Each structure stands twice: as structure tokens, then as C-alpha cells.
Amino acid sequence: MPIRLLSPEVASQIAAGEVVERPASVVKELVENALDAGARSIVVKVEEAGRRSIEVADDGCGIPADELRLAVSRHATSKLASAKDLFSIVTLGFRGEALASIASVSRLTLTSRVAGAESGARIRVEGGAERGVERCGAAVGTVVRVEDLFYNVPARLKFLKSDVTERRAIDTFLARYALAYPSVRFELVEGKNVTLQTPGDGDRRAILATLYGVETARQMLDVLAEEDGLRLSGFISPTSITRSNRREMTFFINGRWVQDVPLNAALTQAYHTLLMVGRYPLAMLFLEMDAAAVDVNVHPAKAEVRFREQERVFGFVQRAVRRALLAYTPVPSVPPATLWGNRASAEAREPGLDWKMAGEAGGQLSGDRDQLSVSSVQPSGGREQVAVNQKGVSAEGEQRLVHLPLLRLVGQVGAAYLVAEGPDGLYLIDQHAAHERVLFEKLMLQRAKQVIPSQALLEPVSVTLPPAQARLLDGQLDVLHRFGFEVEAFGPHTYQVRAMPVLFAGSDAAAALRALVEDFEEDEMPLQQEVEARIAARVCKRLAVKAGQALSGEEQRALLNDLERCTSPRTCPHGRPTMIHLSVDMLERQFGRKGPR
Ligand code: ADP
Ligand code: MG
């Protein structure tokens, strides 16, 4: 075929595909326009999951009658005057193509009136063709009605998912925007049902309940941090509330919901070792910064952004989240019901009460500026305070790190648990999980100081790996080296371990190597730091003492001492609890010395 220019209709349908993918994208563009227009109230009505119609009504500034034609024309916008403005965008829209795009794939009616105008005016567009402008009565503000979406693009229609899915996309979108703009009144009407309604009174936590339910909303932790022109606010889940995917990790940047964010990595990193592998937090975070420090013109649907100072923003978010999290990490304390089978009282209690906030658990809170203190044991038995400026955990401002109270060892039970007494009752410690945590923190501390003492093996150990793993290992030999392992290729898919960290002296070198390479392939985080921590956590798990292993009194005491000195002693690096706390209070109630709650 010869080369031809596409007709304007075809060209605009192609362009529309980038902006309008499904009913929820129409809702998004129209709601963003309403917010840009300064609306205090936005009412969205959809029929048949948006296939039949979508209507968005606002009480914003409106569009003058003589600008209606322009509003629905491509590349017509009131939000941008010159290319220079592109680098400091403060509105949600700026590309001037949403209305034109939507109008090219639907039957669109836009009715609007500006304050002071005698009447309103209405324009109709069908499949991109204008069908006239007329005067009409209207309230101040704008109503955009979109009918028969994709009626002229049957291929698009076929790609729509079930009504349930399309409706969920609309619900999710609107709930998030309602949360991001708590001072705007939102209403969503689906068919005859009002499915979302917010009062517009600025109370975010109330809106959070509509998103995640009352119980979860109550437990979400507040995040608030400011630093040199960066501000982060919002909510994150405590470690007890997780999801199996990243879908509930939401970022708003300068009031815009951004879906493809490098910040997701900062967030998961902040939770690192506090959640089990494959579990993700819930988060609704609002990041604000100078408009010129972020480029939003990367993606037609504006779902991606780039930061001018990516590293700084990343570190800021990670520290802010980590700090919020550490301030609240709970020690699970066993509810009497689970211990002694008292069902009635179990049902009467709210699950949230079974978790004790670390602050009340009798633990010492130690605050440090800029630095995080980690103590390690000297061979002499004395304590050496090492200040580590560990990236990601250090923070400006008040840092509350939760240490364990001093514990007195009572003994070992079932060759698996240590029993210890603290100022506030009894602690049962899982020796495997505790040792995992201790090894992990020691290893990461040495890694941070760039000195992982390594020890040559008397006899090198050979390990043969599956070909795929061997291929991956070849590219990672220096990661292993940085962790104090000397590994050399030794024949096809075979490697020799010649040295390993002193920390693991006496452990099975072959098992260590297998653990190291176990799921190299599953590392999705591009950041070396994250990858390293995961590898370290894996090795520590493999080499930690097992349940069933009897420990000498001295070994038990050493483990307890080491655990007390950890920065996150309450969970193993994979997020499972290292200990259960039976408080004096609980014991007293169980023995009938105090009345029930
Ligand atoms: P953009 O939002 O990128 O400018 P749109 O195609 O979405 O492009 O809208 C084009 C123009 O129409 C906007 O710049 C704005 O001036 C006007 N407009 C659209 N929707 C509204 C609304 N709800 N209230 C007031 N003005 C609106
Ligand atoms: Mg717009």
C-alpha cells in the first residue's frame, strides 16, 4: 500500500486509545477536569458500568458559551500557555485532549455555565463530529454526559471486562480521589444506588473506612514527614495487615494518582524484613513537592512521573514510612481466649486489642537523631555501641526505635523455645526465628561497615546447581563476595565454596550456597540494597539454629543477649514474630486475681 495521511477521524481514534481505555478512564478525565475547575462537589452517575452512560456534574468555574467548541477540540486547553509551563504543572490536566478523545469515541454532551452568565450553553459531539451548540438553562458549573462509549470502535468494546470489573475500576478510582481530596464532596451513583458518598469535611480517616472497612481503617498508621520542600502524608498498614499483591499501594503526587511509581520500591523496602515474603502493605500516600521537581508529561494518561531528584525523594519516602512503622511495631500478646479456649470472651473482643503497641509493652524506647545505634557484643562480653548511618533506617527528627526490655532467661522448652522473664511478664521466644533475626542484623551491620570477616574453609566444598541457577549465579559472584563468601566456578554448573563469613563458621557451606542462589531469579527490585537484604535473610534463615536443637545454657543466654540488641527484635527477617508476650496483667486475669475486662 502507498503511504497515506490518516483521516482526522482515524487519527483521533488512535490518539483516543491512549487516553480512553475503559469507562473508568472517562470518569478519571472528567473528575480531574472538575477538580481543576475548583469544584467543591462532584457527582458521578454511571449506568451499566459506564457502557450505557457516564455523567459527571460539578459546581466548578464552568466554561463560557463561546469556548465550548474549543473545549472539545484537540490540543485546546486553558491550563497551559507555553512549552515552558510544561515544567511546572499545577493542574491535573494540561494536554488538552481528554474531552476531544472521549468525544471521538462516544456521544458527548457538555452543558456549562459560568458565574454571572445569563444562561448556560450546551454542545453535542457524536463520534468526533460536532452536532451544534445551543443556549439552555443550567446551574453554575459543568455537566458532561458520555453515552454509548466505544459505539463506533467495536474492537475496544470487546476488550472491556465484565461489568463487575469495570465497575470496580470506577469505584476504586473514585474512592482514591475522594481520599486525596477530602474537602471535596464526592458522590457516586451506579444505576439507582449511591455507592460512595463523602461529606467533603476534610476528614480522611472516615473516607479510609469506605475504602478498606472500619476495622482496617482504625488500624492504619499515620505518616507525616517534611523535609526540604518534600512533604509526605497519608496512611500505611501495620505489619499485621497485608495483601498478596501491590495493588493497594497508592501514591498521589501533587494531587495526582500515579500508578507506575518508582516509589513502590521505596515503600516495600521500608517494610523489608517486617513482612513475610510475598506479602505487601496497604498504603495511601500523598507526596507533595515543587511542581518543577517532577515531570508529569511522560505518559498520555499521566499515570507515570519522573522526579528530578529521584534518589532524594526515594530515600525520603522510605525513611518516613520506616519511621512511622517502627514507632508502632507491635509485639503480639496472646489473648487468653486462644490460650485457654475461652470462646465467648474471644468473640467479644476486637482483634485489634490483641496487639499491644510497642510503646505500652514495657520496652525501652530509645530516640536517636540521624543515627541508629546498634550494639554488638565484644569477645570480652562488654558492649560496644556502634553508630551506623544505615541508609533507609536512619532519619532526621525524632526516631523511635523499639528495643526489647532486659530479659532474664528462665530456660528452654521443647528444644525450640526460650522462656524469659521481663519487667512486664513472660516472653516465649522462638529460638529459630530469634537466631535468624540476630544473624541477619549482624550480617547487614557488617555489610554496612564494608567488613564482613570471612574465613577460609579447611576443605573447599563443591556444589552442583541446576543450569538455570548456575547461569544466574555467574552474574552474581561478586554479590556473594561482598557477603564474605568466596565462590569459584569449578566445571559445568559446579562451584566451589572456599570461604564463608566468620558469622556462619561451622555451618554447612553447601546449604549456604544453595540458599544464596535460591531465588535469584525472583528478585524484582532493581535495587542492589534490596536484593542483598533478601539474599542475606535467606541465608540466615537456612543457617539459624533449628527448632529441636538443644542449646546449652550459655548459648541460650547469648542468643537472648543478641536479640535484645537487635533493632527489630520482634520479628524474623521474613516477618514472623520471634516472640510471644504473656503480660503480668493477662496472667493475673487468668488466675482470677483481677476481674475480666
Ligand atoms: P485539559 O484538562 O488537559 O486542559 P480537556 O480536554 O480535559 O483538557 O479539557 C479542555 C478544557 O476544557 C480545559 O482546559 C478547561 O478549560 C475546560 N474544561 C473541561 N472540563 C471542565 C470543567 N468540568 N469545568 C470547567 N472547565 C472545564
Ligand atoms: Mg482534562
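# A tour from the D148 loop to helix α13

Start at D148, which sits in the loop between β6 (141-147) and α5 (154-159). The model on screen is a predicted one. Look at the backbone here: phi of D148 is near 50 degrees, a positive value in a residue that is not glycine. Most residues other than glycine have a negative phi. D148 counts as partly exposed because its relative accessible area is 21%, and the cut-off for buried is under 20%.

Now select F150, also placed in the loop between β6 and α5. Phi is positive again, near 65 degrees for F150, and this residue too is not a glycine. Is F150 buried or exposed? With a relative accessible area of 1%, F150 is buried.

**The whole chain**

Zoom out and show the protein chain as a cartoon. It has 19 helices and 28 strands. Of its 597 residues, 50% are buried. The chain exposes about 27900 Å², and carbon and sulfur atoms supply 52% of that area. Consider next the contacts between residues at least 6 apart in sequence: 69% of them join residues at least 24 apart.

**Ligand 1**

Select ligand 1 and display the residues around it. There are 19 of them, and the closest are N33, T77, S78, K79 and G96. Sorted by class, this shell holds eight nonpolar, seven polar and four charged residues.

Three backbone contacts can be picked out with a distance tool. A backbone N or O atom of G96 is 2.7 Å from an oxygen atom of the ligand. For A98, a backbone N or O atom lies 3.2 Å from an oxygen atom of ligand 1. At L99, a polar backbone atom is 2.9 Å from an oxygen atom of ligand 1. On its own, ligand 1 would expose 530 Å², of which the protein buries 93%. Colour α2 (23-36) and α4 (98-104) next: these are the elements that give two or more residues to the shell around ligand 1.

**The nonpolar cores**

In soluble globular proteins, nonpolar side chains tend to be buried together. Which residues touch the most other members of the largest nonpolar core? Select V31, I42 and F186, which do so in this core of 61 residues. Then highlight helix α6 (residues 163-180), the source of eight core residues, the largest share.

Centre the view on F186. Beyond its neighbours within four places in sequence, F186 is in contact with V31, L35, I42, L174, Y177, A178, Y181, L196, Q197 and T198. Both V31 and I42 are thus in view here as contacts of F186.

A second, separate core has 39 residues; to find it, select F94, L263, L287 and F307, which are included in it.

**Q431**

The last stop is Q431, in helix α13 (residues 431-448). Q431 counts as buried because its relative accessibility is 0%.

What lies 3.2 Å from a polar atom of the side chain of Q431? It is the backbone oxygen of A415. The backbone oxygen of Q549 is also within reach of the distance tool, 2.9 Å from a polar atom of the Q431 side chain.

Show the rest of the surroundings to finish. Setting aside neighbours within four places in sequence, Q431 is in contact with Q412, A415, A416, Y417, L418, V545, K546, A547, G548, Q549, L551 and L559. A415 and Q549, whose backbone oxygens were just located, are among these contacts.

Conventions: Residues numbered from 1 in each chain as written. Chains lettered and ligands numbered in written order. Predicted model: local features only at pLDDT ≥ 70, side-chain atom pairs only at ≥ 80, totals over all residues. Heavy atoms only, no water. Near = heavy atom within 4 Å. Polar contact = N/O pair within 3.5 Å; in protein donor to acceptor, adjacent residues only side chain to side chain. Areas by Shrake-Rupley, 256 points an atom, 1.4 Å probe, with all protein chains shown as cover. Helix = DSSP H or I, 4+ residues; strand = E, 2+ residues; numbered from the N terminus. Nonpolar A, V, L, I, M, F, W, Y, C, P; charged D, E, K, R; others polar. Core = buried A, V, L, I, M, F, W, Y, C linked by side-chain atoms within 4.5 Å. Buried < 20%, exposed > 50% of the residue type's maximum accessible area, 1.4 Å probe, protein only. Contact = heavy atoms within 4.5 Å.
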